[in-house]
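Colleague: I am new to this one. Could you show me the sequence and the model, then take my questions?

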Amino acid sequence: MKTERMVCLVSRQGRELQRYSSRTGGRLVVGCIPYKFNVNSPNIDLVQAMEVLVISSQKGYGMMFPKGGWENDETIRQAASREALEEAGVQGNLEQRLGKWKYASGAHSVINESVMFPLNVTQELVHWPEMGLRNRRWVSVAEAMEGCKHPWMREALERLVRRLCKSIILQSASVA
């Protein structure tokens, strides 16, 4: 007889454990760009075969990547993985960070600092903690670049695409 295990996932709430920048006073934010390659795509071009997962903001408009506060009881990589799971319902291989950005918070007049990572998605959950608050959608790189309202997130996506293209070129050169 097969036994099924049920797991209940709940997203973290509140800012009691939130880390803040000693320089700007803003939150330290961490996020990721979930991506995969469409294996059914007839395109040989890497960028055209690549898809990224975008989510809606909690207010329901705009396209963005999972991100949130880095908390005192976790590493930066744990925080990035947690945000991907809570907000987008995905898990995968977190890769080397893309960079660090500063941006003005829309709700507050402070400067937040953010670090973004690529997340090569290996699992997409049917149920996830914030599924009632957010929509998620796989889109092309071009669509994400056009629809994402945050310039720093677009820059992170550009860095990811450049990195992946460079990696493919290096792999091709070593095979030849």
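**Charges, strands and rings**

Colleague: Is E113 buried or exposed?
Modeller: The relative accessibility of E113 is 2%. Buried means under 20% relative accessible area, exposed over 50%, and partly exposed in between (1.4 Å probe, protein chains only). E113 therefore counts as buried.

Colleague: What kind of model is this?
Modeller: Residues are numbered from 1 along each chain as its sequence is written, and side-chain values use heavy atoms, with hydrogens and water left out. Local features need pLDDT of at least 70, side-chain atom pairs count only at pLDDT 80 or more, and totals for chains, interfaces and linings use all residues; the model is predicted.

Colleague: How many salt bridges does the structure hold?
Modeller: Side chains of opposite charge can pair when their charged atoms come close. A salt bridge here is a side-chain nitrogen of Lys or Arg within 4 Å of a carboxyl oxygen of Asp or Glu. The count of salt bridges in the structure is 11.

Colleague: Which residue forms a salt bridge with E113?
Modeller: The closest N and O atoms of this pair are 3.1 Å apart. The partner counts as exposed, because its relative accessibility is 57%. That partner is R23.

Colleague: How many residues apart are R23 and E113?
Modeller: Helices (H or I, at least four residues) and strands (E, at least two) are DSSP runs, numbered from the N terminus. R23 sits in the segment before β1 (28–37), while E113 lies in strand β7 (residues 111–124). The salt bridge links distant parts of the chain, and the separation of the pair in residues is 90.

Colleague: Which residue forms a salt bridge with R82 at 3.3 Å between the closest N and O atoms?
Modeller: The partner is 4 residues from R82 in helix α2 (residues 76–88), so about one helical turn separates the two. Both residues are buried. A network of salt bridges links R82 with E74, E83 and this partner. The partner is E86.

Colleague: How many of the 13 residues of α2 are buried?
Modeller: Among the buried residues are I76, L85 and A88. Helix α2 is largely enclosed by the rest of the structure, because its buried residues number 10.

Colleague: What distance lies between the end C-alpha atoms of α2?
Modeller: The expected span of a helix is 1.5 Å times one less than its number of residues. With 13 residues, α2 should span 18 Å. The model agrees, since the end C-alpha atoms are apart by 18 Å.

Colleague: Which strand does β1 join through 8 bridges?
Modeller: Two strands pair if DSSP finds at least two bridges between them. The two strands run parallel. V30 stands opposite V115 in the partner. That partner is β7.

Colleague: Which residue is the bridge partner of K36 in β2?
Modeller: β1 pairs with strand β2 (residues 50–56) in the antiparallel sense over 3 bridges. β1 is mostly covered, with 8 of its 10 residues buried. In β2, K36 is matched with E51.

Colleague: Which ring does K36 lie over?
Modeller: A charge sits over a ring if NZ of Lys or CZ of Arg is within 6 Å of the ring centre and within 35 degrees of the ring normal. K36 is 4.3 Å from the ring centre. The ring belongs to W138.

Colleague: How many aromatic pairs are there?
Modeller: Rings of Phe, Tyr and Trp (its six-membered ring) pair if their centres lie within 6.5 Å; planes under 30 degrees apart count as stacked, over 60 as edge-to-face and the rest as tilted. By this rule the count is 3.

Colleague: What is the angle between the planes of Y35 and F37?
Modeller: The ring centres are 5.8 Å apart, and the pair is edge-to-face. Y35 is buried at 1% relative accessible area, whereas F37 is partly exposed at 33%. The angle between the planes is 80 degrees.

Colleague: Which residue forms a tilted aromatic pair with W101?
Modeller: The centres are 6.4 Å apart, with 40 degrees between the planes. W101 lies in strand β6 (residues 99–104) and its partner in helix α4 (residues 151–175), so the pair ties together parts that are 51 residues apart in sequence. Both residues are buried. The partner is W152.
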